[in-house]
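Hi there,

Here is the structure I promised to pass on to you. My notes come right after it.

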Amino acid sequence: MTSTLIYGDTEAILVDTQFRISDAEKLADRIAAKGRRLKAILVTHPHFDHFYGASVLLRRFPGTPVYASASDIEYIKGRPGQHRGPDPRALRRGGHSHRTS
């Protein structure tokens, strides 16, 4: 799984979050090492290897919004008590995408 970090002088945006917890932790270390504020996480589609590491990144960078399409958010939320990713209570609607924060 590939994650892409897009960054400027002070801020960064992450595209996809890894699957394995250990890989997501390494990714969080790399982001922190850049010294930029993580402004947003974009999940390109709801395969586990693209969003499952979001919980690790949100613990490390609290308050970072996570964006995905409306249909992807519904898939990630799953059935009550069986969600597949970030805490579904944090999901909000916004434009053509939804976000968690």
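Below is what I found, going from the overall fold to one helix and then to the salt bridges.

Please keep in mind that this is a predicted model. The protein chain has 101 residues, and 36% of them count as buried. Its secondary structure consists of 4 helices and 6 strands, which follow one another from the N terminus as β-β-α-β-α-α-β-α-β-β. If we take contacts between residues at least 6 apart in sequence, 65% of them join residues at least 24 apart. The chain exposes about 6,000 Å², with carbon and sulfur atoms supplying 52% of that area.

Helix H1 is where I spent some time. It covers residues 21-34, and its 14 residues reach 20 Å from first C-alpha to last, close to the 20 Å expected at 1.5 Å a residue. Its buried residues are Ala 24, Leu 27, Ala 28 and Ile 31. These cover an arc of only 100 degrees around the axis, so they sit on the same side of H1. What do they pack against? Their partners are strands S1 (4-7), S2 (11-15) and S3 (37-42), together with helix H3 (54-60). On the face turned away from the buried side, H1 carries the exposed residues Arg 30 and Ala 33. Following the helix comes Gly 35, with a positive phi near 70 degrees.

Now to the charged pairs: the count comes to 4 salt bridges. One of them joins the side chains of Glu 11 and Lys 39, at 3.7 Å from N to O. This pair links distant parts of the chain, since Glu 11 belongs to strand S2 and Lys 39 to strand S3, 28 residues apart. Glu 11 is partly exposed, at 30% relative accessible area, and Lys 39 is partly exposed as well, at 40%.

Asp 23 forms a salt bridge with Arg 20, their closest N and O atoms lying 3.6 Å apart. Here Asp 23 is partly exposed at 22% relative accessibility, whereas Arg 20 counts as exposed at 55%.

The side chains of Asp 29 and Arg 60 also meet in a salt bridge, with an N to O distance of 2.8 Å. Because Asp 29 lies in helix H1 and Arg 60 in helix H3, the pair ties together parts that are 31 residues apart in sequence. Asp 29 is partly exposed at 43% relative accessibility, and Arg 60 is partly exposed at 39%. Finally, salt bridges with shared partners join Glu 11, Arg 37 and Lys 39 into one network.

Best wishes

Conventions. Residues are numbered from 1 along each chain as its sequence is written. This is a predicted model: local features need pLDDT of at least 70, side-chain atom pairs count only at pLDDT 80 or more; totals for chains, interfaces and linings use all residues. Side-chain values use heavy atoms; hydrogens and water are left out. Helices (H or I, at least four residues) and strands (E, at least two) are DSSP runs, numbered from the N terminus. Buried means under 20% relative accessible area, exposed over 50%, partly exposed in between (1.4 Å probe, protein chains only). Contact means heavy atoms within 4.5 Å. Accessible areas come from the Shrake-Rupley method with a 1.4 Å probe; for residues, only the protein chains shown count as cover. The expected span of a helix is 1.5 Å times one less than its number of residues. The arc is that of the directions from the helix axis to the C-beta atoms.
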